[in-house]
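I set out to record a few local features of this chain, one entry for each matter looked up. The structure is shown first, and the entries follow.

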Amino acid sequence: MMGHVLDRRKAWRLAVCALATATLAACQLALPSGPAPRVNGGTVNVGLLLPFGSAQGGDALIARSIENAARLAASEITATSVNISVYPTAGNSAQAASMVDQAIREGADIIVGPLRSDAGAAVGVAAAPRGVSVLSFSNNTEIAGDNVFVLGNTFGNTADRLVRYAAAQNRRRILVLHAQNLAGEVARDAILTAAQRNGSAVVTSVSYEFSANGVVQAIPQVMDAVENQAIDTVFITSDTTGALPLFAQLLPENGLDTEAVRLVGMTRWDTPPQTLELAGLEGGWFALPDPAASAAFSARYQAAYQEPPHVLAGLGYDAIRLIAEASVSTGRLGPADLSAASGFNGANGVFRLNSDGTNSRGLAVASIVESQVSIVDPAPTGSAGPGL
């Protein structure tokens with residue numbers, strides 16, 4: 001099974017590579033044998049790939065916020081010196097890959113970024129023959145592996161945390177409610193895997209066309225399964241901009257007892273704050289980063305830059321922290337070195353990199369109580385704690 005997964009990942013990266021042939025004429029997935037080169041001297045050189053110059057709305061703000069957070073992390077590190085050089089990708093896979101060559105020629109020991117998975121795949125291919133690791137800001141695990149890590153919180157990480165918590169509350173019979181699109185199917189598969197790992201069962205899945213009519217047609221299927229298959233937990237994969245508000249309204253209206261059958265969200269229910277007002281989600285569970293760590297990072301960022309960080313800014317901070325610590329402990333920044341540590345203290349709590357290129361993040365489990373966020377199971381504060 002793992003071989004098939006790796007083959008699929010490599011095929012996906014090669015497909016991305018083919019789309020950027022003008023820039024990546026020598027695309028290949030061959031990785032150098034032996035350990036990664038040692039970091040030169042006491043300074044780590046980081047090539048930071050960000051979507052400056054992108055025509056997509058919001059990319060400039062994201063890029064600035066991630067860069068600021070990365071520089072904040074570098075300023076807090078005392079054990080080594082981190083030199084950050086920024087390379088603009090324009091939000092484009094081909095340009096991102098071309099920036100890899102420039103960054104390495106200018107001395108980059110490691111690549112951080114780019115923002116999205118298509119560019120991340122191309123960057124991974126471009127960096128591999130040079131023995132350079134890539135810390136992408138994506139959460140798409142299809143690009144993870146070999147020399148590429150994803151830093152974004154993954155569906156797998158969220159699913160494992162929530163399924164484990166539900167099982168501890170003696171709720172092990174799951175219905176997955178998901179849209180008939182890629183995000184919905186990836187989330188469904190993550191819940192299936194988490195259930196198998198934690199001794200729970202996905203009794204059934206209900207998929208729906210991503211439309212108001214599709215949501216309405218899914219309601220009777222959910223209610224039938226609840227009544228006839230002893231369902232005690234319903235995982236909803238959609239967010240507030242999708243079908244979540246409709247399900248929060250229609251499921252209770254059609255007789256779902258949300259005390260007997262717990263609703264669980266695969267997305268953040270505290271953003272935007274209006275989501276907390278959805279009466280049908282009262283008492284439901286969702287996962288979020290360690291609130292204390294997030295608040296502390298936000299306060300330091302605000303003090304340094306006189307503005308709040310973007311929600312993705314913490315990924316830039318995390319990348320620099322783990323690079324510095326890995327370089328001090330091993331003197332190298334190869335995949336094995338980056339995933340060797342038991343954990344790092346990041347902007348939003350503890351996290352670690354896994355050998356398959358994914359990550360594990362310490363998440364809290366929260367509930368909505370009287371339209372307020374209530375933490376029902378705190379995030380771990382150490383790498384050995386529950387939830388990581």
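Entry 1, a helix pair. In this predicted model, I looked up how helix H3 (residues 93-105) lies against helix H4 (residues 117-127). I found that their axes come within 8 Å and cross at roughly 30 degrees. Because angles under 35 degrees count as roughly parallel, I entered H3 as roughly parallel to H4. I noted the crossing of H3 past H4 as right-handed.

I then listed the residues that make this contact. From H3 they are Ser93, Ala96, Ala97 and Val100. From H4 they are Asp118, Ala119, Ala122, Val123, Ala126 and Ala127. By class, I recorded 8 nonpolar, 1 polar and 1 charged residue in the contact of H3 with H4.

Entry 2, alanine 97. I chose this residue because it belongs to the H3 side of the contact with H4. Is alanine 97 buried or exposed? Its relative accessibility is 3%, so I entered alanine 97 as buried, the cut-off being under 20%. I also looked up its separation from glycine 120, which lies 23 residues away along the chain. The C-alpha atoms of alanine 97 and glycine 120 are 8.6 Å apart.

Entry 3, helix H5. I recorded H5 as residues 155-168, 14 residues in all. From its first C-alpha to its last, H5 reaches 20 Å, which is close to the 20 Å expected at 1.5 Å a residue. How many of the residues of H5 are buried? I found 10 of the 14, so H5 is largely enclosed by the rest of the structure. The buried residues include a run from Asn157 through Thr158, Ala159, Asp160, Arg161 and Leu162 to Val163. Tyr165, Ala166 and Ala167 of H5 are buried as well. Just after H5, I noted a positive phi of about 65 degrees at asparagine 170.

Entry 4, histidine 178. I located this residue in strand S6 (residues 173-179). With a relative accessibility of 4%, histidine 178 counts as buried. Which residues does histidine 178 contact, leaving aside its neighbours within four places in sequence? I listed Gly184, Glu185 and Arg188, then Ser205, Val206, Ser207 and Tyr208, and finally Thr237.

Entry 5, the whole chain. I recorded 11 helices and 15 strands. Of the 388 residues in the chain, 52% are buried. Among contacts between residues at least 6 apart in sequence, I noted that 70% join residues at least 24 apart.

Notes:
Residues are numbered from 1 along each chain as its sequence is written. This is a predicted model: local features need pLDDT of at least 70, side-chain atom pairs count only at pLDDT 80 or more; totals for chains, interfaces and linings use all residues. Side-chain values use heavy atoms; hydrogens and water are left out. The expected span of a helix is 1.5 Å times one less than its number of residues. Buried means under 20% relative accessible area, exposed over 50%, partly exposed in between (1.4 Å probe, protein chains only). Axes are lines fitted to C-alpha atoms, for helices over the stretch in contact, and angles run from 0 to 180 degrees between N-to-C directions. Angles under 35 degrees count as roughly parallel, over 145 as roughly antiparallel, 65 to 115 as roughly perpendicular and the rest as oblique. A crossing is left-handed if the near helix is turned anticlockwise from the far one by less than a right angle, and right-handed if clockwise. Contact means heavy atoms within 4.5 Å. Ala, Val, Leu, Ile, Met, Phe, Trp, Tyr, Cys and Pro count as nonpolar, Asp, Glu, Lys and Arg as charged, and the others, Gly among them, as polar.
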